[in-house]
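Q: Please take a close look at the charged side-chain pairs within the helices, and follow them to the pockets that those helices help to line. I would like the residues and their exposure treated together.

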Amino acid sequence: MRGGVIQKLKSYYQQDRSFFLFSLVSLFVLFSTVGLLFWTFFHQPKVEDSYTIGYLQWNEDPLLKQNLEAFRNSFLEIDEGLSEVVFLETYDLHGDIANVEAALEHFNENDADLLFVQTDQLAVKVNSLKHFAPVIFSLVSYPKELGLVNNYQQSLNNFAGTRYWISPSEELDIIHRIDDEIQTITFLSESGSVASKAKRDE
């Protein structure tokens, strides 16, 4: 029985070899196309699924650079694949607060999905211009007192981030470790600074 089936296949192949070869080529093209489509839709990031984070770079301060690198690395900690669909675009302010408005216009025109800002001054300026996209802030000491968030549990707006803050008791402890005979501490504050006032009050 088995030999008869094989014989029939051989006979069919000899009678119509061109059809047989055409079938093989067709199957190869079909599976290759399906494989390519699978790779395109499931393994490669699609353009419509990519996201842009606009970073307002104040200056070349090493602390700001280090913090930015940590912000970038946070994507990889969540999911390594995010590095392929999340793109960081930097706008250099050259240390001039007057350039913030132009930076926000640039990111608006390019449909940035999120903004990342650092320092009190920069975060307050961005907030005053009422940018539409969500804003992540960092290295901000008193976001509530500066009017960036409603409270430290819920921002109730498009701002969220991390505080750059050390409690006064910890600071005093460090000072006494350096010199336990210190009796007087002079507090230097920036005139008109909400953050300086909040620190002094603490």
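**Paired charges and the pockets beside them**

A: Glu 69 is partly exposed, having a relative accessible area of 39%, and in this predicted model its side chain forms a salt bridge with Arg 72, with 3.7 Å between the closest N and O atoms. Because a salt bridge is counted here when such atoms lie within 4 Å, this pair qualifies at 3.7 Å. Arg 72 is likewise partly exposed, at 35% relative accessible area, and both residues belong to helix α3 (residues 62-78), where 3 residues, about one turn of the helix, separate them. The search of the whole structure finds 4 salt bridges, among them two further pairs that deserve the same attention.

In helix α6 (residues 168-178), Arg 177 and Asp 173 stand 4 residues apart, so that about one helical turn separates them, and their side chains meet in a salt bridge with an N to O distance of 2.9 Å. Arg 177 is exposed, with a relative accessible area of 68%, whereas Asp 173 is partly exposed at 37%. Helix α7 (residues 194-201) holds Lys 197 and Asp 201, which are also 4 residues, or about one helical turn, apart, and this salt bridge again has 2.9 Å from N to O. Here Lys 197 is the partly exposed partner, at 45% relative accessibility, while Asp 201 counts as exposed at 53%.

From α7 the account turns to the pockets. The largest pocket encloses about 470 Å³ of space and has 20 lining residues, with Asp 120, Ser 141, Tyr 142, Ala 195 and Ser 196 nearest its centre. Helices α5 (120-128) and α7 each contribute at least two residues to this lining, and α7 gives the most, with 4 residues. By character, the lining of the largest pocket comprises 10 nonpolar, 6 polar and 4 charged residues.

The second largest pocket, with a volume of about 260 Å³, is lined by residues including Pro 168, Glu 171, Leu 172 and Ile 175, together with Ile 185, Phe 187, Lys 199 and Arg 200. The elements that give two or more residues to its lining are α6 and α7, and α6 gives the most, with 4 residues. The lining of this second largest pocket divides into 5 nonpolar, 1 polar and 4 charged residues. Helix α7 thus contributes to the lining of the largest pocket and to that of the second largest, besides carrying the pair Lys 197 and Asp 201.

How values were computed: Residues numbered from 1 in each chain as written. Predicted model: local features only at pLDDT ≥ 70, side-chain atom pairs only at ≥ 80, totals over all residues. Heavy atoms only, no water. Buried < 20%, exposed > 50% of the residue type's maximum accessible area, 1.4 Å probe, protein only. 1 Å grid on protein atoms, 1.4 Å probe; cavity = no way out; pocket = protein on both sides within 12 Å on 5 of 7 lines; lining within 4 Å. Points joined across faces, edges and corners; volume = space filled by probe spheres on them. Nonpolar A, V, L, I, M, F, W, Y, C, P; charged D, E, K, R; others polar.
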